[in-house]
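User: I want the reasoning behind the labels, not only the labels. Take me through the ligand sites.

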Amino acid sequence: MRIMQSSYSPRYILGRIALYGAAILLALWTLAPLYLVALAAFSTRQATFQWPKPLLPTDFSTDTMQFFMNTRGVLDSVGNSVIVALVTIAGSLLLGAPGGYALARFRFRGKEAISLGLLISKMFPTAILAIPLAVVFLQIDLYDTIWGVALVHIAMALPFVIIVTAGIFVGVPRDLEEAAQTLGCNRVQAFVRVVMPLALPGLVAAAIFTFVISWNEVFAATILTLRNRTLPAQVLTALNDSPLYYRYAGGFFMIVPALIFIFLIRKYLLNLWGNISR
Amino acid sequence: MAGIHFQTVRKIFGKTTVIKDVSLDIHDGEFMVLLGPSGCGKTTLLRCLAGLERVDGGRVLIGERDVTDLAPRDRKIAMVFQSYAVFPHLTVFDNIAFGLKMQNLPSEEIKRRTHQGAELLQLTDYLKRYPAQLSGGQRQRVAVARAIVMQAAVLLMDEPLSNLDALLRLQMRAELKRLHAEIKATTIYVTHDQIEALSLGDRIAVMQDGKIVQCDVPMNIYDYPANKFIGGFIGTPPMNFLQGAVNGDGSVSVGASNIAPASSLQAAFAARNGQPILLGIRPENLTLASAQQANTISAHVLVVEPLGSHKLLTMQVGAEMIKVSVAPDQSIASNQDVWLHFDPEKIRWMDAASGEAIR
Ligand SMILES: Nc1ncnc2c1ncn2[C@@H]1O[C@H](COP(=O)(O)OP(=O)(O)OP(=O)(O)O)[C@@H](O)[C@H]1O
Ligand SMILES: [Mg+2]
């Protein structure tokens with residue numbers, strides 16, 4: 001009955017129009033640049049400089065993309081990026097998940113301070129940290145290695161991983177773990193057999209999100225490496241002295257993986273934030 | 001074999017002592033009900049026995065074994081949680097078999113015992129389902145089955161029926177009683193439902209504010225509550241209380257009338273000459289009388305509620321209100337003035353200040 005009434009009320013219709021209008025504007029705000037970049041990346045070089053720009057792919061070509069892919073260092077940097085991201089995921093989850101578990105399950109002195117400290121540490125600018133880090137890395141032979149970059153990425157992702165996994169573990173009722181304990185599990189077995197399976201979707205989401213953090217990180221990666229660059233660092237340096245069409249290709253190459261990741265985790269995203277705000 | 005002994009067990013959360021030096025001995029094979037209002041510490045006491053809480057004082061023994069410092073899995077107990085705690089990622093079968101698998105039993109035996117447990121609780125048709133596909137009552141039965149197949153000598157149940165509707169609850173209550181007769185595990189059953197306690201318990205331990213205030217067989221708890229709290233907590237409706245004062249001759253004046261205590265109490269009353277006292281009596285132990293006689297008090301009928309098996313009357317005695325239960329065919333109407341007869345043998349007298357029963 002309510003639905004019938006409201007769907008006929010002009011206020012309701014106006015409200016829906018306003019809502020969808022706003023949603024469309026918001027979507028255009030993000031989609032338009034993406035579309036233009038993609039369009040330019042798959043057009044001929046000349047088309048990049050045309051004015052007014054054609055809004056439809058009139059002269060489709062993969063020349064620029066191929067040229068970009070074949071540039072020395074690009075494919076290597078893709079490999080570097082993947083390795084750094086995977087190491088970051090493994091490291092930050094191995095270190096962060098137990099921390100999150102502790103925050104979720106145990107009461108201990110200074111717990112609030114630690115939670116707050118985790119958030120505050122996210123406010124510390126990488127720019128200030130990067131130069132001293134470069135110096136230290138030079139001293140201990142970590143400079144210009146992907147391991148050094150991974151280490152920094154782990155440090156950057158760790159607060160995020162701890163907070164998110166704490167939210168995930170809070171969502172697993174303590175009762176279930178205790179029930180497992182009365183049924184013959186020790187603490188580790190209870191964790192592996194009951195908590196892990198239930199937390200897995202959340203943990204996977206956290207892992208993918210960590211991947212995105214690492215994949216997109218450019219500042220530390222640029223400062224801490226010279227030749228062994230990750231993709232964003234490589235692209236950033238290359239873009240500074242390349243023609244416009246090359247930049248579009250690079251930009252497109254960076255955007256696509258991020259889009260794929262976001263697409264894959266979209267279901268978990270709400271879950272993730274819902275848990276944190278608890 | 002597996003009696004349970006709490007020896008001055010104490011549990012402190014922060015600054016509040018939740019379990020206050022509780023001592024309780026439960027015989028092997030006994031069905032002990034822990035009864036008390038919400039927040040009195042029933043779950044906490046159970047968790048101390050299960051090893052899920054570390055005690056801050058005292059010892060816990062199962063059989064002759066001191067288990068105070070053992071992990072839950074080393075205590076040989078099975079527990080049904082207040083919240084069921086059924087594993088949502090496992091099927092009914094895997095839930096019931098969980099504890100057996102942890103013992104690394106041969107898969108044939110696991111299968112056999114799981115099916116046996118499922119049959120006992122009428123879950124055979126649901127073995128392949130996940131908990132989310134079950135009703136609340138079915139989930140609760142999974143939790144009970146999971147605990148029972150362990151064949152532990154000690155079975156702990158924390159309000160396992162609290163989330164069920166009235167009918168299912170009645171059904172499960174009988175089921176549990178039958179089950180206990182069958183498996184004979186030493187059982188502690190937590191509830192704040194006094195009907196459940198009376199119907200199930202070999203004995204009932206009544207808890208109040210972190211202490212056990214009375215532990216006895218159900219009928220004694222009902223007929224001879226140790227204090228005003230228990231009398232007022234058990235029974236629907238609970239015990240009535242009236243203010244009185246002890247006279248020089250050992251009788252008690254209640255309002256304008258006199259009541260003579262049972263002869264066995266005369267010595268205790270002689271010492272209380274002139275003191276205020278509390279009269280406790282159950283609604284079904286009051287009878288209507290047509291005229292004033294010994295041990296009657298005049299009362300005014302306020303409300304008459306026909307409840308099928310009996311009529312419940314709300315009456316005014318002096319300034320106080322009491323409930324009286326009479327036969328369904330008793331002719332009575334509101335606004336009537338009647339005489340109420342008090343059976344001296346059924347009266348529970350209590351100290352007016354402390355609420356403790358006078359014996
Ligand atoms: N982990 C805890 N931390 C602090 N206080 C607690 C904790 N667990 C229980 N309490 C407190 O201890 C008291 C007893 O709790 P308990 O759960 O044993 O009550 P209960 O008798 O089982 O109640 P109910 O019938 O509602 O289940 C309560 O006042 C509760 O607030
Ligand atoms: Mg409880």
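Analyst: This is a predicted model. Start with B:His192: an N or O atom in its side chain is 3.3 Å from an oxygen atom of ligand 1. The protein covers 61% of the 640 Å² of accessible area that ligand 1 has on its own.

User: What makes the pair of B:His192 and ligand 1 a polar contact?

Analyst: The cut-off is 3.5 Å between N or O atoms. The pair lies at 3.3 Å, so it counts as a polar contact. B:Cys40 also contributes, with a backbone N or O atom 3.3 Å from an oxygen atom of ligand 1. For a polar side-chain atom of B:Thr43, the distance is 2.6 Å.

User: How do you know that B:Thr43 and B:Gln82 are donors to the magnesium ion?

Analyst: Donors are N, O or S atoms within 2.8 Å of this metal. OG1 of B:Thr43 and OE1 of B:Gln82 coordinate the magnesium ion (ligand 2) at 1.8 to 2.5 Å, so both qualify. B:Thr43 sits in helix H1 of chain B, and B:Gln82 in the loop between strand E6 and helix H2, 39 residues apart.

User: Why is B:Thr43 called partly exposed?

Analyst: Buried means under 20%, exposed over 50%. B:Thr43 has a relative accessible area of 24%, which falls in between, so it is partly exposed. B:Gln82, at 33%, is partly exposed too.

User: Which element gives the most to the shell around ligand 1?

Analyst: H1(B), with three residues. By class, the shell has three nonpolar, seven polar and two charged residues.

Technical notes:
Residues are numbered from 1 along each chain as its sequence is written. Chains are lettered from A and ligands numbered from 1 in the order in which they are written. This is a predicted model: local features need pLDDT of at least 70, side-chain atom pairs count only at pLDDT 80 or more; totals for chains, interfaces and linings use all residues. Side-chain values use heavy atoms; hydrogens and water are left out. Donors are N, O and S atoms within 2.8 Å of the metal (3.2 Å for Na, K and Ca); water is not among the atoms, so sites may look incomplete. Helices (H or I, at least four residues) and strands (E, at least two) are DSSP runs, numbered from the N terminus. Buried means under 20% relative accessible area, exposed over 50%, partly exposed in between (1.4 Å probe, protein chains only). A polar contact is a pair of N or O atoms within 3.5 Å; within protein, one must be able to donate a hydrogen and the other to accept it, and residues adjacent in sequence count only if both atoms are side-chain atoms. Accessible areas come from the Shrake-Rupley method with a 1.4 Å probe; for residues, only the protein chains shown count as cover. Ala, Val, Leu, Ile, Met, Phe, Trp, Tyr, Cys and Pro count as nonpolar, Asp, Glu, Lys and Arg as charged, and the others, Gly among them, as polar.
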